[in-house]
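Hi everyone, thanks for coming. I'd like to walk you through one structure today, so let's get it up on the screen.

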Amino acid sequence: MKISCISVYQVTLPLEHPYRLSGGRLYFDQLDSTIVAIDTDEGIRGWGEGCPWGSTYLPAFGRGIRAGIEELVPQLLGLDPRRTDLIYRTMDTALPGHPYIKSALDMACWDILGKATGLPLCELFGGRIDQAITIQNSVPTGTPEEMIESIKRGQARGETVHTCKIGADVALDIERIKAIAAYLPPNESATFDVNRAWLVDDGMRVMNAVTDCLFYFEQPCETYEECLQLRQVTHHPIILDECVQRYGDIVRAQADNACEAIGLKINRVGGLTKAKRIRDFCVETGIRMNIEECGGSIIADTGAVHLAQSTPETHLRATWLCHEMLTVETAEGGARNQGGKTFAPDAPGLGVKPKMDVLGEAIAVYQ
Ligand code: MG
């Protein structure tokens, strides 16, 4: 089987509610998504999506993906897409680094492998676990009242795990945490995601002011070193997110006892092939994971849910479905919210059927 054609689509994804994080300094009202279709000489078509969370959240941006694909495609035409490791080594040789631009191409190759073998991706990633995957509700930064309103919207969807965005203002952060903790029913939980907004002493002041119970704090500071310094002076569990970008980062974090959990975002680490390797390391070494996308529509979300659906329940915290926050639907099928839980589809491959009227004309076709 050979790759015969790669088509690239650009879709703008408006957010239903504008979103602020990292203490409010980062603002988002739409996402720029790149969806790719890889065709083969045997008539199988695979789909993938790469969608950074805007341009300010990570060193990644939508147009960068499309420029990177243009650079990579000449090396991929004619290769067997089922050989996912070989495809990945080819991409890394053709263009070192830039992991986020490779994710959509990698996902489309996995979709082809699944369709060619008749298996959903979760089976190829190690085998389906029976349990439903918990969906976490992503709660933007706001006043305590605004954040509780956003929690209520998640509760209406059946979600009981809430990732609450804080940061920047020590007094307000303490107020937010106390208000949310007081509001939440006993069977629900909150993670406080700082998205790099604190300096170390900010974190010490906030975390030492909320010692009544243990809360997970996510990516408190900009750098790994700052997060590690804070880890050493708090008893609250730490989740590393933005600073886990490649395999070596999690090896180092495990050796340093830097975190109890990570956010494993598929696009950030370079796609499902790379994310699976990090997932396997975390399972071996006892690190819990949120397995999810950086952003994107149902296509990207479903890829992440397949990896979650093959991860031991003991090591999995939750996933997040970005597509629930959008006003457009790019595909039928996929991993949907079923009362706060989701499942990877049973269909071969990703299990999504893109809506060609939403994708529109391809902006580039390589063959
Ligand atoms: Mg995070």
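Look at Lys102 and Asp92: their side chains meet in a salt bridge, with 2.7 Å from N to O. This is a predicted model, by the way. The pair links distant parts of the chain, with Lys102 sitting in helix H3 and Asp92 in helix H2, 10 residues apart.

So, is Lys102 buried or exposed? Lys102 is buried, because its relative accessible area is 0%, and the cut-off for buried is under 20%. Asp92, on the other hand, comes out at 27%, so we call Asp92 partly exposed.

Now stay with helix H2, because there's another salt bridge on it. Here Arg277 pairs up with Asp85, 3.2 Å from N to O. How many residues apart are those two along the chain? They're 192 residues apart, with Arg277 in helix H11 and Asp85 back in helix H2. Both ends get the label partly exposed: Arg277 has a relative accessibility of 35%, and Asp85 has 37%.

Okay, let's look at H2 itself. Which of its residues are buried? Those are Thr84, Ile87, Tyr88, Thr90 and Met91. If you look down the axis of H2, these buried residues fall within an arc of 160°, so they line one face of the helix. Here's a handy bit of background: an α-helix has 3.6 residues a turn, so residues three or four places apart point the same way.

Turn to the other side of H2 and you'll find Arg89 and Thr93, which are exposed. And what covers the buried residues of H2? The cover includes strand E1 (3-21), along with helix H1 (62-76), helix H3 (99-117) and helix H11 (272-285). You've already met two of those as salt-bridge partners: Lys102 is in helix H3, and Arg277 is in helix H11.

One more stop on this helix: Leu86 also belongs to H2, which runs over residues 84-94. Leu86 counts as partly exposed, because its relative accessible area is 38%. If you pick out its C-alpha atom and the one of Lys265, you'll get a separation of 22 Å, for two residues that are 179 apart along the chain.

Let's go back to salt bridges for a moment. How many does the structure hold? There are 26 of them. One is between Arg45 and Asp39, where the closest N and O atoms are 2.9 Å apart. Arg45 is partly exposed at 30% relative accessibility, while Asp39, with 17%, is buried.

Last topic: the metal. Which protein residues act as donors to the magnesium ion? They are Asp193, Glu218 and Asp241, through OD, OE and OD atoms in that order, and they lie 2.1 to 2.2 Å from the ion. Along the chain, the donors follow the spacing D-x24-E-x22-D. Asp193 and Glu218 link distant parts of the chain: Asp193 is in strand E7 (residues 189-193) and Glu218 is in strand E8 (residues 216-218), 25 residues apart.

Are those two buried or exposed? Asp193 counts as buried, because its relative accessibility is 1%. Glu218 is at 2%, so Glu218 counts as buried too.

That's my tour. If you'd like to try it yourselves, start from helix H2 and find the salt bridge between Lys102 and Asp92 again.

Conventions. Residues are numbered from 1 along each chain as its sequence is written. This is a predicted model: local features need pLDDT of at least 70, side-chain atom pairs count only at pLDDT 80 or more; totals for chains, interfaces and linings use all residues. Side-chain values use heavy atoms; hydrogens and water are left out. Helices (H or I, at least four residues) and strands (E, at least two) are DSSP runs, numbered from the N terminus. Buried means under 20% relative accessible area, exposed over 50%, partly exposed in between (1.4 Å probe, protein chains only). Donors are N, O and S atoms within 2.8 Å of the metal (3.2 Å for Na, K and Ca); water is not among the atoms, so sites may look incomplete. The arc is that of the directions from the helix axis to the C-beta atoms. Contact means heavy atoms within 4.5 Å. A salt bridge is a side-chain nitrogen of Lys or Arg within 4 Å of a carboxyl oxygen of Asp or Glu.
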